[in-house]
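Good morning, and thank you for making time for this presentation. I will go through one structure and ask you to follow along in the sequence and the coordinates.

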Amino acid sequence: MKTVFVTGASGLIGSELSEVLLSKGFKVIGVGETPTASIDNPNYKFIQTSIDNKEAVTAAMMEQGIDVLIHTACTVDNDFPNILSAAEEKKSTVVDKYLFKAAVQAGANDMILVSTHQIYAQQKTREPIRETADEKPVTIYAKMKYDSERAMAKAIKSAASIKGVIARVCPIYTKDFVPNLHTKIFDPKDNSCYVYGYGDYGFSFCCLYNLIDFIVGILNSPQGINYQGIYNVCDTRPIAAKDIVDFERQYHRLGAVIQRNYGADAVKSAMAFGSKTAKIDYRYNDISLACSNISYDNTKAQRISTFRWKLSNTK
């Protein structure tokens, strides 16, 4: 029975992941800042502490030894608000300095880091973005996760037997967790929802359960398979703005939705790009790119799991 160490275990990603791992026969040690709903499983141990508490987290790893580290903490949809402060940047930096090294010392054979699609440079074509695309993290969140990627790579380099997986994940959603979806059709300045034209332009997202299936697929990979590397983890197809509207009308309260002029909005947004808000707000919606239909290629990740979840069947 593999022992999996999950950071951010009380957050959206970590808590759901922990339950699925337990159901698959793994032993889970979770670390989180807030108490979790009680998981009645003898193979689960939860330590309530901040992820930057080096002594407590390291001790929890070393107590029994671990086989796998899954780092979901310091992730917007897990612990942080969409507006990132200097305190959150500092916390992530502290974690990068010790976490991966501690996992090596605790005997981990695998490391999985939940990173972000924001690390890629802005694309100049409409081709799907692949793992080989140029990297240029601009936002604070992207820089934080890029630093985490490099810290993990450095730790793995010092221990050649460890396999590392970086999951560059598009914004998460579930049936109940919709902030990432909602921001694409909501203007906080006007306090209203909107679409351009018929709303048939799309955005790349990742159903939480596609991410979890991918992680489980990595852990269950046959011995001898070299799965380490960077993966785009996202739904196979972008979600259209009109489908977000229909989804929120069906499952959540949604007011009137107005049609707006894309050309005028795009010009205003392009002039504002590079603003402080764009750098610190994870969910900042760059309207100048709204109808660009930018997508991410998950072909490589599909070798690991089926990516069966989408907006129409998410739970």
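Let me begin with a convention on residue classes: Ala, Val, Leu, Ile, Met, Phe, Trp, Tyr, Cys and Pro count as nonpolar, Asp, Glu, Lys and Arg as charged, and the others, Gly among them, as polar. Please also keep in mind that this is a predicted model.

With that convention, I turn to the cavities. A search of the whole structure returns three cavities of 30 Å³ or more, and the largest has a volume of about 70 Å³. What lines the largest cavity? Its lining consists of I13, T75, D77, V114, S115, T116, Y141, V169, C170, P171, I172 and Y282. Sorted by class, that lining has eight nonpolar, three polar and one charged residues. Strand β5, residues 110-116, gives the most to this lining, with three residues.

Two of the lining residues, Y141 and Y282, lead to my second topic, the aromatic pairs. The count of such pairs comes to eleven. In the pair of Y141 and Y282, the ring centres are 5.1 Å apart and the planes stand at 80 degrees; since planes over 60 degrees apart count as edge-to-face, this pair is edge-to-face. Y141 belongs to helix α4 (residues 140-157) and Y282 to the segment after α9 (276-280), so the pair ties together parts that are 141 residues apart in sequence. Both Y141 and Y282 are buried.

A second pair is formed by Y209 and W309: the ring centres are 5.5 Å apart and the planes are at 50 degrees, so this pair is tilted. Here Y209 lies in helix α6 (residues 208-219) and W309 in the segment after α9, so parts that are 100 residues apart in sequence are tied together. Y209 is buried, with a relative accessible area of 10%, and W309 is buried as well, with a relative accessible area of 13%.

Ring pairs also link Y173, Y194, Y196, Y201, F203, F205 and Y262 into a cluster. Within that cluster, Y194 has a further contact: the charged end of R260 sits over its ring, 4.0 Å from the centre. Elsewhere, K300 lies over the face of Y231, at 4.6 Å from the ring centre.

Y194 brings me to strand β9 and its sheet. How are the strands of this open sheet ordered? The three strands follow the order β8-β9-β14, with mixed pairing. β8 (186-187) and β14 (257-260) are the edge strands, each pairing on one side only.

On one side of the pairing, β8 and β9 are antiparallel over two bridges, and D187 has S192 in β9 as its bridge partner. Their hairpin has four residues between the strands, and there N191 takes a positive phi near 55 degrees. As for β14, four bridges join it to β9 (residues 192-196), and these two strands run parallel. C193 stands opposite V257 in β14, and V195 stands opposite Q259.

Is β9 enclosed or open to its surroundings? Five of the five residues of β9 are buried, so the strand is largely enclosed by the rest of the structure. In a regular strand, side chains alternate between the two faces of the sheet. In β9, S192, Y194 and Y196 point one way, C193 and V195 point the other way, and all are buried.

That concludes the presentation.

Key. Residues numbered from 1 in each chain as written. Heavy atoms only, no water. Phe/Tyr/Trp six-rings, centres within 6.5 Å; stacked < 30°, edge-to-face > 60°. Buried < 20%, exposed > 50% of the residue type's maximum accessible area, 1.4 Å probe, protein only. Lys NZ or Arg CZ within 6 Å of the ring centre and 35° of its normal. Pairing = 2+ DSSP bridges. 1 Å grid on protein atoms, 1.4 Å probe; cavity = no way out; pocket = protein on both sides within 12 Å on 5 of 7 lines; lining within 4 Å. Points joined across faces, edges and corners; volume = space filled by probe spheres on them.
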